[in-house]
Amino acid sequence: MSGLVIVGTQWGDEGKGKMIDYLSKKADVVVRGQGGNNAGHTVVVSGKKYALHLIPSGILYENTVNIIGNGVVVDPQGFFEEIETLNKEGVKTEGKIFISERAHIVFPYHKVLDELSEQARGKDDIGTTKKGIGPCYMDKIERSGLRACDMLEDNFGEKLGNIIDIKNQIITKFYGAEPLDKEKIINDYTEYGRRMAPYIKDTSVMIDEASKEGKKILFEGAQGSLLDVDLGTYPYVTSSHPISGGFMVGCGIGPQVINEVIGITKAYTTRVGKGPFVTEQDNETGDRIRIAGHEFGTTTGRPRRCGWFDGVVVKYASRISGVTGLSLMLLDVMTGFDTLKLCKAYKCGDEIIEHFPASLEKLAKCEPVYIELPGWKEDITRCTSYEELPKEAKDYVAAIEEITGVPVKIISTGPDRAQTIIREKVFE
Ligand code: GDP
Ligand code: IMO
Ligand code: MG
């Protein structure tokens, strides 16, 4: 039995897609446990780029079983569009992907309400992906959601119709917007239910059986730890639990299934959407990182906010997920700087802060305490072993280990599978 969790240790887009794909070659099963198609995971195989949103990144391998767990919110329209795109690109999906019967479904009113509530927040908007994620999780918690299993029942249309009646009241009377076409949604989603039927399974049982048979299971995190609804920079977060604990609830498994947690970490920091960002460089340095790292969203195309590596964030993320090793991504983007800065703590007035604080007001007052290291000029995109890296790059990696207290087991020097340095074996 071998269970590996992959989590993002920052605000998402750390390069999870690349590492999940890389490590999936050893996986029998790849499982998503939270989030939905708000995720955008880029995988580059021999120069060809794939953008995955809802479908686990293991899909690119011939014999991997891919599972969308009960904690994921599933947009059927997005799901079938993604399947179609993959098929067109020559990726087989038939018989390789399963959806939990307990997964909640994203309906058109969730997307409309995501848009309307963001508009209503005005300047205090969160900057969501508008994929209906928050409203769908709201309904789940409020106990008015519909799950994949409900789509297979004869009374699905009736149940959905009753919910649409209520949502239309909110949309028209509260927001003053146009009502949704109830009959069309019922017809479209009844048809989606028919098409989804072969994919819908009790995936908790599938994972349990795979684990008992000694299969290798990779748990694919979406988003990042600082976007966790409990432990992130609330309210500038997503509505799920993108930390290792999220997989237990989101897949219906016990903790004994997991024996390794790899934290995916950018060599710098980015975030999309609003919210605090202590090491942000809203200046030439940030622009330089954005251009070198192609920091534009996979899902929304928005330019990402960029800044120096924030060790307080990664140390915090490593603690809350029990991270056993880091995979340091996009190290090549740091090439060419004369001096590199790494934040080791925050200073708030006279107080030195080493543990990421909860209060946004306090965070807004925090100044980064940096250590500065000399940069390197050599191209590192062809380095395939740690020894080949320039001394300055090795020192940069060592500083990250020192600040976070976690070993850097993998280093990535480019988007392709081949541009990966393994320092310590993972998922063996
Ligand atoms: P995810 O959401 O965590 O899967 O990350 P994204 O795919 O949204 O963003 C990461 C971006 O960095 C993608 O465009 C990847 O192809 C790219 N990438 C991943 N690792 C590296 C790396 O080591 N170097 C460079 N230059 N790009 C990388
Ligand atoms: P991957 O898996 C980066 C952010 C949004 C917004 C906040 C809430 O590619 O790392 P939501 O639509 O989830 O209600 O938006 O969360 N966000 C992400 N940021 N990467 C992601 O996923 C994200 N998924 C959501 O930008 O700030
Ligand atoms: Mg992404």
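This note goes through the bound ligands of a predicted model, then some points of backbone and packing.

1. **Magnesium site.** Start with the ion, ligand 3. Its protein donors are D13, through OD, and G40, through its O atom. Both lie 2.0 to 2.1 Å from the magnesium ion. The two donors come from distant parts of the chain, 27 residues apart. D13 belongs to the loop between strand 1 (2–8) and helix 1 (16–24). G40 belongs to the loop between strand 2 (29–32) and strand 3 (41–45).

2. **Exposure of the two donors.** Are D13 and G40 buried or exposed? D13 has 21% relative accessibility. The cut-off for buried is under 20%, so D13 counts as partly exposed. G40 has a relative accessible area of 13% and is therefore buried.

3. **Ligand 1: surroundings.** There are 19 residues around ligand 1. K16, G17, T42, D332 and S412 come nearest. Helix 1 and strand 3 each give at least two residues to the shell. Ligand 1 sits in the second largest pocket.

4. **Ligand 1: polar pairs.** Which atoms of G15, G40 and S412 face oxygen atoms of ligand 1? For G15 it is a polar backbone atom, 2.9 Å from a ligand oxygen. For G40 it is a backbone N or O atom, at 2.8 Å. G40 is also a donor to the magnesium ion. For S412 it is an N or O atom of the side chain, 2.5 Å from an oxygen atom of ligand 1. Taken alone, ligand 1 exposes 580 Å², and the protein buries 93% of that.

5. **Ligand 2: surroundings.** How many residues surround ligand 2? The count is 20, and the closest are D13, K16, H41, T129 and T238. D13 has appeared already, as a magnesium donor. K16 has too, among the residues nearest to ligand 1.

6. **Ligand 2: polar pairs.** The side chain of K16 places an N or O atom 2.7 Å from an oxygen atom of ligand 2. H41 also uses a side-chain N or O atom, 2.8 Å from a ligand oxygen. V272 uses its backbone: a polar atom there is 3.2 Å from an oxygen atom of ligand 2. On its own, ligand 2 exposes 550 Å², of which the protein buries 98%.

7. **Helix 1.** This helix deserves its own check. Nine of its nine residues are buried, so helix 1 is largely enclosed by the rest of the structure. The buried set is K16, G17, K18, M19, I20, D21, Y22, L23 and S24. K16 and G17 are also among the residues nearest to ligand 1. D13, the magnesium donor, is in the loop between strand 1 and helix 1.

8. **Cis peptide.** The peptide bond from Y234 to P235 is cis, with omega near 5 degrees. Most peptide bonds are trans. P235 lies in the loop between strand 10 (216–220) and helix 8 (246–251).

9. **Positive phi at S46.** Most residues other than glycine have a negative phi. S46 has a positive value, near 45 degrees. Where is S46 found? It is in the loop between strand 3 and strand 4 (48–52). With 70% relative accessibility, S46 counts as exposed.

10. **Positive phi at R143.** R143 is not a glycine, yet its phi is positive, at about 75 degrees. R143 lies in the loop between helix 4 (133–142) and helix 5 (156–174). Its relative accessible area is 75%, so R143 is exposed.

11. **A345 and E367.** A345 lies in strand 16 (residues 339–348). It is at 5% relative accessibility, so A345 counts as buried. A345 and E367 are 22 residues apart in sequence. In space, their C-alpha atoms are 8.6 Å apart.

12. **G286 and C306.** G286 has its place in helix 9 (residues 284–292). Its relative accessibility is 0%, so G286 counts as buried. G286 and C306 are 20 residues apart in sequence and 4.9 Å apart from C-alpha to C-alpha.

Note on methods:
Residues are numbered from 1 along each chain as its sequence is written. Chains are lettered from A and ligands numbered from 1 in the order in which they are written. This is a predicted model: local features need pLDDT of at least 70, side-chain atom pairs count only at pLDDT 80 or more; totals for chains, interfaces and linings use all residues. Side-chain values use heavy atoms; hydrogens and water are left out. Donors are N, O and S atoms within 2.8 Å of the metal (3.2 Å for Na, K and Ca); water is not among the atoms, so sites may look incomplete. Helices (H or I, at least four residues) and strands (E, at least two) are DSSP runs, numbered from the N terminus. Buried means under 20% relative accessible area, exposed over 50%, partly exposed in between (1.4 Å probe, protein chains only). A residue is near a molecule or strand if one of its heavy atoms lies within 4 Å of it. A polar contact is a pair of N or O atoms within 3.5 Å; within protein, one must be able to donate a hydrogen and the other to accept it, and residues adjacent in sequence count only if both atoms are side-chain atoms. Accessible areas come from the Shrake-Rupley method with a 1.4 Å probe; for residues, only the protein chains shown count as cover. On a 1 Å grid over the protein atoms alone, a cavity is a set of points where a 1.4 Å probe fits but cannot get out, and a pocket is an open set with protein on both sides within 12 Å along at least five of seven lines; lining residues have an atom within 4 Å of a point. A molecule sits in a cavity or pocket if more than half of its atoms lie within 2 Å of its grid points.
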